Amino acid sequence: MNETPLWASESFWKKTAIWVTAGSFLILVVLTFDSLSQTQAGGKRVPAYSVINKKIDYVYQKDLHKSMPVIGETELLFGKEYTEAEAEQLVMLGKKTTQAKNCMNCHTLLGNGAYYAPDLTKAYLDKGWVNKEMREDMMIKFLMDPEKNARTFGSNRKMPNLDITEQEAKGVVAFLKWMSSIDTNGFPYNFKTINAED
Amino acid sequence: MNAKELCEGSRANYANFITWVALDRSNLSAGRQLSVNYFIVAVILFFAQLLFGMIAATQFIFPNFLYDWLDFSVNRMVHINAMIVWMLYGFIGCVYWLLEEESGTDIVGLKLGKLAFWVLTGAVTIVVLVYLLIQTGAGKDSSLWLINEGREYIEAPRWADIGIVIVMLIFFYNVVATFSKGKWSGIAGVLTLDLVALAGLYVAGMFYMTNITHEQFWWWWVIHLWVEATWEVLVGVIMAWSLMKLLGVRRQIVTTWLYIEVALMFGSGILGLGHHYFWIGTPEYWLTIGGFFSALEPIPLVAMVVHAMYDAGSHSFKNSNHPAVAWIIAQAFGNFFGAGVWGFMHTLPQINMFTHGTQWSASHGHLAFFGAYATINIAFFYLAIQHWRGDVWMNSDTANAWRWKWALGLLNAGVVGMTVALLIAGYEQSFIERAVEGSTWGGYFSAQNHPSFQSAMVWRWFFGLMTFSGLILLIWDLLTIGKGETRKAQEIVEH
Ligand code: HEM
Ligand code: HEM
Ligand SMILES: [Fe+2]
């Protein structure tokens, strides 16, 4: 019988499997450390929670061929200036509310989740809130009683009433405002915000 | 009717049912009796999965259906969470099924294994009841600990997570201790290391984080590194073992193939994780790394098709369990098309920019989960029932063979039909919502209201019904196939 050639030998492939797996995993661990540190809240890609005190926009950059978040002058949320700690507190309440109410099983956040309701990534900046003067009030009312304040865009799909309290609703709005400031490498493409001229 | 009558009535019904199925547990070793417990719960949860999928699909067409009672979010959560859990049950069942034969000895911690089964099943029951009856909580930690975590696929509340980890540890102990007492093999080694990774990854999904970029980063560690790395290798192990047993392929061949598959799968799948890091706030280098490595992921899936088909062909498709081998072949192709082809089609960032978070993902998700993981479990259900009946003949000319053939046809055609309907909806969404209207809420609803989207939802509903009928037929077949069969299973010689 012939010798088994290398490419068909069990022990060669066993070693290859071990080395390839260990190598890939090692690279992943290194990249994970790097990504986590680059995306710390307060860094360049993921702004500090106190960004909720600022005007946020998302503008197409011709040279980069994608939209980028633009953080502007002071534009208070609910007429209050939050310290970093207060802002984090409020965003945390909002984040926990989105989890406890299971938003992700109808909506997408950063494009991940369910496809029964619109994406929330840039929802705070959406033109659907008519104008910036009405936005906060509309959002709070909608979250607290989505059935009565339904915005179905002709689809008959209504968000159910999830017993969101006023404080939780404020938290959710703060969370959405903060999330809209994250640098998502240009997703969604060509999104026109509430600030954009028609 | 009072409670006592009801109780007695159901007991009598249960007794009738047991007499009717006429299954004899003494045909199975103690370890395999534990294994079939897992399979039974898996089938029940599979049924629940499709039932709630049908309700959710109905709500796409009639949004007022069960509105405020069982909202879409609840139904969808049960649909996908039941899927994850039934597949895990199935995998545990498969491993217990092959453990004794592969190690050449009895399961070491059988009592502990049984206890773990009942603990897990109790916990799953409570979790599902809470999903259905309590549904949501206030925005605080106690809701995430007791009701649900609100994270797609791993919604189970934190207390259940901890229970799951403990049960996994017991399972893992059983596997390692049994191989150590009996004998190790290449298959055993890959299995053990893979289970460490699979269980370890679950822990990555057990923490609350306010920073959503970090939260989704770790969430994908669990989801992606499960389905595109550790589950895929687990299936490779199970497949390797079944090809040996069902077709008589030589051990050295399947082991070598297994190592090749591990190298290719982990080599592409681990860094392929990057295809979920394009748009969640993570750095730009993921566009390159994720795009490149995930584009290689279909290669091991091609290798798996070649392996299965070559082995089956070279043994002239002679085998001891026709339904199981049919489902194994369905697995090879389903995995290749669902994960490999459908996954590849939207994995490059230039395309994913527009398909991300649309029905496109759902199209891929359905074909991939069904093709890769439902199929292999179903193959094992057939293997289990064959032995439970006393290792009987189970070929194309078995009594009422139309049932398994039709169940196979309906389930596969149903899922393929849903996949195509969702693909059409996904293209329409990518085009109208994303490309033309820039993904605003208005754009989202223009796409949802579009006639081609709406008719796709109707088609999905009908193909869903086809899938669901296939499952009902499958369950009926599993309960009856081989009943009264007197011929012994076809002998298979290794060559
Ligand atoms: C059996 C293996 C696989 C299964 C079960 C699977 C399942 C899924 C599911 C369910 C999703 C949707 C996740 C969500 O809810 O957001 C998804 C997303 C995705 N999958 Fe897979 N997949 C598999 C293999 C692959 C492979 C091999 C590739 C690439 C070649 C791939 C590419 C993708 C991509 C790019 C996404 C992101 C979709 C988006 O941006 O929305 N998948 N997969
Ligand atoms: C009776 C048949 C089925 C029906 C009617 C059905 C229906 C649905 C619906 C309505 C959704 C929600 C999609 C959305 O958010 O827009 C969904 C999601 C999902 N289903 Fe099914 N389904 C069925 C069978 C299956 C099967 C057999 C599998 C896999 C074995 C499966 C796996 C999934 C997955 C992974 C998701 C999440 C997809 C994603 O997020 O991208 N379903 N299904
Ligand atoms: Fe993936």
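Are Glu228(B) and His275(B) buried or exposed? In this predicted model, both residues are buried, and both serve as donors to the iron ion (ligand 3). The coordination of this ion is completed by His224(B) and His276(B), with the four residues contributing ND1 of His224(B), OE of Glu228(B), NE2 of His275(B) and NE2 of His276(B) at 2.0 to 2.2 Å.

Along the sequence, the donor residues of the iron ion (ligand 3) follow the spacing H-x3-E-x46-H-H. Glu228(B) is located in helix H8 (residues 212-247) of chain B, whereas His275(B) belongs to the loop between helix H9 (251-272) and helix H10 (285-296) of that chain, so the pair ties together parts that are 47 residues apart in sequence. The four donor atoms subtend angles of 84 to 147°, and the site is irregular. Four donors would count as tetrahedral only if all angles lay between 85 and 135 degrees. The iron ion (ligand 3) is separated from the iron atom of ligand 1 by 4.3 Å.

A further iron centre is provided by ligand 2. Its iron atom is coordinated at 2.0 Å by NE2 of His79(B) and NE2 of His366(B). Around the iron atom of ligand 2, the angles among six donor atoms run from 86 to 180°, which makes the arrangement octahedral. For six octahedral donors, the ideal angles at a metal are 90 or 180 degrees. His79(B) lies in helix H3 and His366(B) in helix H14 of chain B, so this pair ties together parts that are 287 residues apart in sequence. With a relative accessible area of 14%, His79(B) is buried, because buried means under 20%. His366(B), at 25% relative accessibility, counts as partly exposed.

Ligand 2 is situated between chains A and B. It is surrounded by 27 residues, of which Tyr115(A), Arg76(B), His79(B), Glu152(B) and His366(B) are the closest. This shell comprises 16 nonpolar, eight polar and three charged residues. Within chain B, helix H2 (30-61), helix H3 (72-103), helix H14 (359-388) and helix H17 (451-480) each supply at least two residues of the shell, and the largest share, seven residues, comes from H2(B).

Polar side chains also approach the oxygen atoms of ligand 2. An N or O atom in the side chain of Arg76(B) is 2.7 Å from an oxygen atom of the ligand, and the corresponding distance for the side chain of Gln359(B) is 3.1 Å. For Tyr153(B), a polar side-chain atom lies 3.4 Å from an oxygen atom of ligand 2.

Notes
Residues numbered from 1 in each chain as written. Chains lettered and ligands numbered in written order. Predicted model: local features only at pLDDT ≥ 70, side-chain atom pairs only at ≥ 80, totals over all residues. Heavy atoms only, no water. Donors = N, O, S within 2.8 Å, 3.2 Å for Na, K, Ca; no water. Tetrahedral: all angles 85-135°; square planar, octahedral: opposite > 155°, others 65-115°. Helix = DSSP H or I, 4+ residues; strand = E, 2+ residues; numbered from the N terminus. Buried < 20%, exposed > 50% of the residue type's maximum accessible area, 1.4 Å probe, protein only. Near = heavy atom within 4 Å. Polar contact = N/O pair within 3.5 Å; in protein donor to acceptor, adjacent residues only side chain to side chain. Nonpolar A, V, L, I, M, F, W, Y, C, P; charged D, E, K, R; others polar.
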